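This report introduces a single structure to a reader who has not met it before. It moves from one residue and its surroundings to the sheet, the core, a loop and a pocket.

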Amino acid sequence: MKTTLVLLSALAFATIFDAECVKQKQQVDCSHYEKLPPGEQRFCYAVYEPICGTDGKTYTNDCFFCSKVKETDDKLQFAHFGKC
């Protein structure tokens, strides 16, 4: 009986801490992207991990999304992961 209680408690704690990690990852950090001078383009990698912006557009990944965020002087915001 004690073993079952200990295992259930451990599972509950693991779930709580795991949920906190998921909550923290619900944003995109664009702080390491710099605004490019006019006419220059950023080269982004070709990994498809869609991000929906507050403009209603789906961006291929965080590189494309953050490039647009910087281009709009941080007016574009993160809506959610996945297609819009």
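Leaving aside its neighbours within four places in sequence, lysine 57 is in contact with Ile51, Cys52 and Cys84. The model described here is a predicted one, and its local features are taken from residues with pLDDT of at least 70. Lysine 57 sits in the loop that runs between strand S1 (51-53) and strand S2 (58-59). From the C-alpha of lysine 57 to the C-alpha of alanine 79 the distance in space is 9.8 Å, while 22 residues separate the two in sequence.

The strands on either side of that loop belong to an open sheet of three strands, arranged in the order S2-S1-S3 with antiparallel pairing. Because S2 and S3 stand at the edges, each with a single partner strand, one side of each has no neighbour in the sheet. Two bridges join S1 and S2 in the antiparallel sense, and cysteine 52 has threonine 58, in S2, as its bridge partner.

The largest nonpolar core consists of 11 residues, among them Val28, Ile51, Tyr59, Phe65, Cys66 and Phe78. Helix H2 (residues 62-71) gives this core its largest share, which is four residues. Valine 28, itself a member of the core, touches Ile51, Asp62, Phe65, Cys66, Phe78 and Phe81 when residues up to four places away in sequence are not counted.

What sign does phi have in aspartate 73 and aspartate 74? In aspartate 73 phi is positive, although this residue is not a glycine, and aspartate 74 likewise has a positive phi without being a glycine. As a general rule, most residues other than glycine have a negative phi. Aspartate 73 lies in the loop between H2 and strand S3 (78-81), and aspartate 74 is also placed in the loop between H2 and S3. Their values are set out below.

| Residue | Phi | Relative accessible area | Exposure |
|---|---|---|---|
| Aspartate 73 | near 55° | 47% | partly exposed |
| Aspartate 74 | about 65° | 42% | partly exposed |

There remains the question of empty space: how much of it lies in the largest pocket? The largest pocket holds about 320 Å³. Its lining is made up of 14 residues, and those nearest its centre are Leu36, Glu40, Gln41, Ser67 and Glu71. Sorted by class, the residues that line the largest pocket are six charged, five nonpolar and three polar.

How values were computed:
Residues numbered from 1 in each chain as written. Predicted model: local features only at pLDDT ≥ 70, side-chain atom pairs only at ≥ 80, totals over all residues. Heavy atoms only, no water. 1 Å grid on protein atoms, 1.4 Å probe; cavity = no way out; pocket = protein on both sides within 12 Å on 5 of 7 lines; lining within 4 Å. Points joined across faces, edges and corners; volume = space filled by probe spheres on them. Nonpolar A, V, L, I, M, F, W, Y, C, P; charged D, E, K, R; others polar. Core = buried A, V, L, I, M, F, W, Y, C linked by side-chain atoms within 4.5 Å. Buried < 20%, exposed > 50% of the residue type's maximum accessible area, 1.4 Å probe, protein only. Contact = heavy atoms within 4.5 Å. Pairing = 2+ DSSP bridges.
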